[in-house]
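The following paragraphs lead a new reader through one structure, step by step. Please keep the sequence and the model in view while reading.

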Amino acid sequence: MSDQWFQEQIAPDGVKEDGCHPDEARALQDYLHQKTGVSEAAKAIVQPIEQSTNPGAHLYRLWNLLIDALIQLPETQITPLIQLLDAIQNLPEPDLTGKTTEDTPVDGHLWQGLPGFGHMWADGHKQGHWRGALAAEKGPQRTEMRSAHVRKANVEARLAVAGIGGIPFDWGYECMADALERQDAVVDFEIPAALEWIAIAGDQLYAGVRTGCKSWALESRRDFGREGPVMTLERWLFWEQRMEELEKQLQAEGGATQSAHHVMKTIRQGGD
C-alpha cells in the first residue's frame, strides 16, 4: 500500500476535478497506517464535505475514494475500510443552516445510510457486459480479471452483512442464480464468487427460504427452469446439487475450489 496510491486519488489521471479532496486522502491514509482510530478518521474524512458551501455536491468524491480503496488496496484493508464506512454512516448529521442544499439527498441526510454509495458501486461494478469482455482474455489477464470478480463479490457480501450503504442481499441471490441457473455461466469466475456470498452471507441468504423472500434478482428466466421471484427450499436444494456438479467440473479442469455445496448443506441443516 504505497503513498502514491493516495496521491493519485487526488487527481486520477492528472484530472483534479475527478479526484477527492486532499484532506480526505490524508485522513484515509493516516487511518489505514494506524495513525488514527476509526472514530477520529470518520470525523476527519468528512470534514471537507461538512465545511463546504454545498456539501451534497461533493459526496460522490468521497464515495469514489472509498470504493476504489475497497477494490484496489490489499485485501487486509477491507475490514478496516468497512469499519470506517460504518463509523461514517453513524456520524451525527451536520447543521446545514446557511449552506446550499440543492444537491443534498432528499431526506436531508449526508451520512445516514451513505446516500448514493450503493448506486455508485453499482454503476462502477455491476455491469452485465463483463462476460462479453472476457471472451478474448487468456492467461495472466484472465487470472487478474477473475481475482477482481471474486473480490467484488467478497466486498459486496461483507457490505451487505454489515448493513453498509444500502448494498442489498438481492445481489447475493443474483450471484448465486447466475452461477447455478445459467447455461452460459463462466464457471471459474462465478462459482468462486458464489462461494464468497455463501461463506460470508449464507445464513442471511438462507433466511429467505424460511420467510419466502421475494427478490427481483430471482425473477429473470434462466436456463434451468427456476424462474420466479421467491426464494424456496426447492431452489436452495437445486443450488446445492448444481454447486456440487460445477465444483467437480472445476476440479477436473484443475481449478482450486472449496466445498461450497457442503457449506450450503450445513447452513440448510442448521436453519431447519
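Is Leu-73 buried or exposed? The model at hand is a predicted one, and in it Leu-73 has a relative accessibility of 3%; because this is under the limit of 20%, Leu-73 counts as buried. Leu-73 is placed in the loop between H4 and H5. Its C-alpha atom is 9.3 Å from that of Ser-2, although 71 residues separate Leu-73 and Ser-2 in sequence.

Before going further, the confidence of the prediction deserves a look. Over the protein chain the mean pLDDT is 88, and 93% of the residues reach 70 or more. Among the elements of the chain, H5 has the highest mean pLDDT, at 98, and H7 the lowest, at 75. Where pLDDT is low, predicted coordinates should not be read in detail.

The early part of the chain offers a good place to begin. Phe-6 is found in helix H1 and, with 1% relative accessibility, counts as buried. Between the C-alpha atoms of Phe-6 and Leu-65 there are 9.0 Å in space, while the two residues stand 59 residues apart in sequence.

Helix H2 covers residues 22-32, and Glu-24 belongs to it. The buried residues of H2 are Glu-24, Ala-25, Ala-27, Leu-28, Gln-29, Tyr-31 and Leu-32. They pack against four helices: H1 (3-10), H3 (38-50), H4 (59-72) and H5 (78-89).

Glu-24 itself can be followed in greater detail. Its relative accessible area is 2%, so Glu-24 is buried. Beyond residues up to four places away in sequence, Glu-24 touches Ile-45, Pro-48, Ile-49, Arg-61, Leu-62 and Leu-65. Leu-65 has thus appeared twice, as a contact of Glu-24 and as the residue whose C-alpha atom is 9.0 Å from that of Phe-6. By contrast, 21 Å separate the C-alpha atoms of Glu-24 and Thr-100, which are 76 residues apart along the chain.

Just after H2 comes Gln-34, in the loop between H2 and H3. Gln-34 is not a glycine, yet its phi is positive, at about 65°. Its relative accessible area is 72%, and because this is over 50%, Gln-34 is exposed. Leu-114, another residue other than glycine, also has a positive phi, near 50°. Leu-114 is placed in the loop between H5 and H6, but its relative accessibility is 0%, so Leu-114 counts as buried.

The interior comes next. In soluble globular proteins, nonpolar side chains tend to be buried together. Here the largest nonpolar core has 74 residues, and those with the most contacts inside it are Leu-28, Ile-88 and Trp-239. H10 provides the largest share of this core, with eleven residues. Of the three residues just named, Leu-28 is also one of the buried residues of H2. Trp-239, when residues up to four places away in sequence are not counted, touches Tyr-173, Met-176, Ala-177, Leu-180, Glu-181, Leu-218, Met-231 and Met-264.

There is also open space to consider. How much space lies in the largest pocket? The volume is about 580 Å³. The pocket is lined by 23 residues, of which His-125, Lys-126, Gln-127, Trp-130 and His-149 are the closest to its centre. Two or more lining residues come from each of the helices H6 (117-125), H7 (130-134), H8 (139-162), H9 (170-181) and H10 (187-211). H8 gives the most, with six residues. By type, the lining divides into nine nonpolar, six polar and eight charged residues. A reader of this region should recall that H7 has the lowest mean pLDDT among the elements of the chain.

The walk ends at Val-186, which lies in the loop between H9 and H10. Which residues does Val-186 contact, leaving aside neighbours within four places in sequence? They are Trp-130, Arg-131, Leu-134 and Arg-142. Trp-130 was met above as one of the lining residues closest to the pocket centre. In the case of Arg-131, a sequence separation of 55 residues from Val-186 goes with a C-alpha to C-alpha distance of 7.6 Å. The relative accessible area of Val-186 is 13%, so Val-186 is buried.

Conventions:
Residues are numbered from 1 along each chain as its sequence is written. This is a predicted model: local features need pLDDT of at least 70, side-chain atom pairs count only at pLDDT 80 or more; totals for chains, interfaces and linings use all residues. Side-chain values use heavy atoms; hydrogens and water are left out. On a 1 Å grid over the protein atoms alone, a cavity is a set of points where a 1.4 Å probe fits but cannot get out, and a pocket is an open set with protein on both sides within 12 Å along at least five of seven lines; lining residues have an atom within 4 Å of a point. Grid points are joined across faces, edges and corners, and a volume is the space filled by probe spheres set on the points. Ala, Val, Leu, Ile, Met, Phe, Trp, Tyr, Cys and Pro count as nonpolar, Asp, Glu, Lys and Arg as charged, and the others, Gly among them, as polar. Buried means under 20% relative accessible area, exposed over 50%, partly exposed in between (1.4 Å probe, protein chains only). Contact means heavy atoms within 4.5 Å. A nonpolar core is a set of buried Ala, Val, Leu, Ile, Met, Phe, Trp, Tyr and Cys residues joined through side-chain atoms within 4.5 Å. pLDDT is the predictor's confidence in each residue, from 0 to 100.
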